[in-house]
Amino acid sequence: MHKRIQSQSIILEPAYINDFIDDFVNNKVSSMPNDISLNYKLTSLNPRAFVDEEHIGECLNVMIKNAIEAIEAIEANDGASGIINILTEVINDWVIISIHDNGIGMEKEIQSKIFEAFYTTKTGDNNWGIGLSYVKQIIDIHNGNTVVESSKHKGTTIKIMLPLIM
Ligand SMILES: Nc1ncnc2c1ncn2[C@@H]1O[C@H](COP(=O)(O)OP(=O)(O)O)[C@@H](O)[C@H]1O
Ligand SMILES: [Mg+2]
């Protein structure tokens, strides 16, 4: 999945983040199971940030895939319906893109490791633990930050913070 993207150089260009998210959700999401709804809510401030849209899109797909897997880990038990919400906000000098899911969540100890390369709690053949370390590398190149907020059995929010163009 990442090979094609990683071999490409990163080109940062100013972008309207709401337009980017709108286009991404409507045209570029890899795949969404029927029983999980993907919604988004955009800030009224119409912020801009320097982004490489292809790489940030790949980051969003990594986070959405993790959200789907976290929801499916619950659904195997009780059939709860899955929700993934994407939110844009402006806080101080940052544009923040949050991906929230009502999946299985994580304990603090797991949260502290998720951005490390090859860290995984999953047993799937395609889960090598490289998704979020790729995300962190890409966001670092954007001079941004990655944040995790999660409670076990309640859900998870992963935030990517990008410097706001003033
Ligand atoms: N949305 C999420 N909900 C619960 N746990 C998550 C979520 N996203 C990531 N994780 C945890 O972080 C770990 C690392 O994620 P990632 O780097 O994408 O690797 P992988 O998905 O291959 O395990 C996962 O194994 C899982 O434990
Ligand atoms: Mg993953």
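Strand 3 (48-51) has two unlike faces: Ala-49 and Val-51 lie on the covered one, Arg-48 and Phe-50 on the uncovered one. Helices and strands here are DSSP runs numbered from the N terminus, helices being H or I over at least four residues and strands E over at least two. This is a predicted model, in which local features need pLDDT of at least 70, side-chain atom pairs count only at pLDDT 80 or more, and totals for chains, interfaces and linings use all residues. Residues are numbered from 1 along each chain as its sequence is written, while chains are lettered from A and ligands numbered from 1 in the order in which they are written.

Strand 3 runs antiparallel to strand 1 (residues 13-16), and 4 bridges join them. Two strands count as paired if DSSP finds at least two bridges between them. One bridge links Tyr-16 to its partner Arg-48 in strand 3, and Arg-48 belongs to the uncovered face described above.

A further sheet is built from 5 strands. The sheet is open, its strand order is 2-4-5-7-6, and the pairing is mixed. Strand 2 (36-41) and strand 6 (145-151) are at the edges with a single partner strand each, so one side of each has no neighbour in the sheet. On average, neighbouring strands of this sheet are turned by 15° against each other, direction ignored. For such angles, axes are lines fitted to C-alpha atoms, for helices over the stretch in contact, and angles run from 0 to 180 degrees between N-to-C directions.

At one edge, strand 2 pairs with strand 4 in the parallel sense over 6 bridges. Ser-37 has Ile-83 of strand 4 as its bridge partner. Helix 2 lies across strand 2, strand 4 and strand 5, and runs at about 165° to strand 4. Asn-92 is in the loop between strand 4 and strand 5. Its phi is near 50°, a positive value in a residue other than glycine. Asn-92 counts as exposed because it has 7 C-beta neighbours inside 10 Å. The cut-offs are these: a residue is buried if 20 or more other C-beta atoms lie within 10 Å of its own, exposed if 12 or fewer, and partly exposed in between, with C-beta atoms placed from the backbone.

Strand 5 and strand 7 run antiparallel and are joined by 8 bridges. In this pairing, Ile-96 stands opposite Met-161 in strand 7. Strand 7 has 7 buried residues out of 9, so it is largely enclosed by the rest of the structure. Strand 6 is also antiparallel to strand 7, with 7 bridges between them, and Val-147 stands opposite Lys-159 in strand 7. The hairpin of strand 6 and strand 7 has 3 residues between the strands, and here His-153 takes a positive phi near 75°. His-153 is exposed, because 10 other C-beta atoms lie within 10 Å.

Next comes the nonpolar interior. A nonpolar core is a set of buried Ala, Val, Leu, Ile, Met, Phe, Trp, Tyr and Cys residues joined through C-beta atoms within 7 Å. The largest such core has 31 residues, and Cys-59, Met-63, Ile-64, Ala-67, Ile-99 and Val-135 touch the most other members. At least two residues each come from helix 2 (17-28), strand 3, helix 3, strand 4 (82-91), strand 5 (94-101), helix 5 and strand 7 (155-163). Helix 3 gives the most to this core, 10 residues.

Val-135 and Met-63 show how parts of the core meet. Val-135 lies in helix 5 and is buried, because 24 other C-beta atoms lie within 10 Å. Not counting residues up to four places away in sequence, Val-135 touches Cys-59, Val-62, Met-63 and Thr-146; contact requires C-beta atoms, placed from the backbone, within 7 Å. With neighbours within four places likewise left aside, Met-63 is in contact with Ile-99, Val-135 and Ile-158.

Helix 3 and helix 5 also appear around the ligand. The shell of ligand 1 has 23 residues, the closest being Asn-66, Ala-70, Thr-120, Asn-127 and Gly-131; a residue is near a molecule if its C-beta atom, placed from the backbone, lies within 6 Å of it. Helix 3 (53-78) and helix 5 (131-141) each supply at least two residues of the shell, and the largest share, 4 residues, comes from helix 3. By type, the shell residues are 11 nonpolar, 10 polar and 2 charged. In this division Ala, Val, Leu, Ile, Met, Phe, Trp, Tyr, Cys and Pro count as nonpolar, Asp, Glu, Lys and Arg as charged, and the others, Gly among them, as polar.

Technical notes: Contact = placed C-beta atoms within 7 Å.
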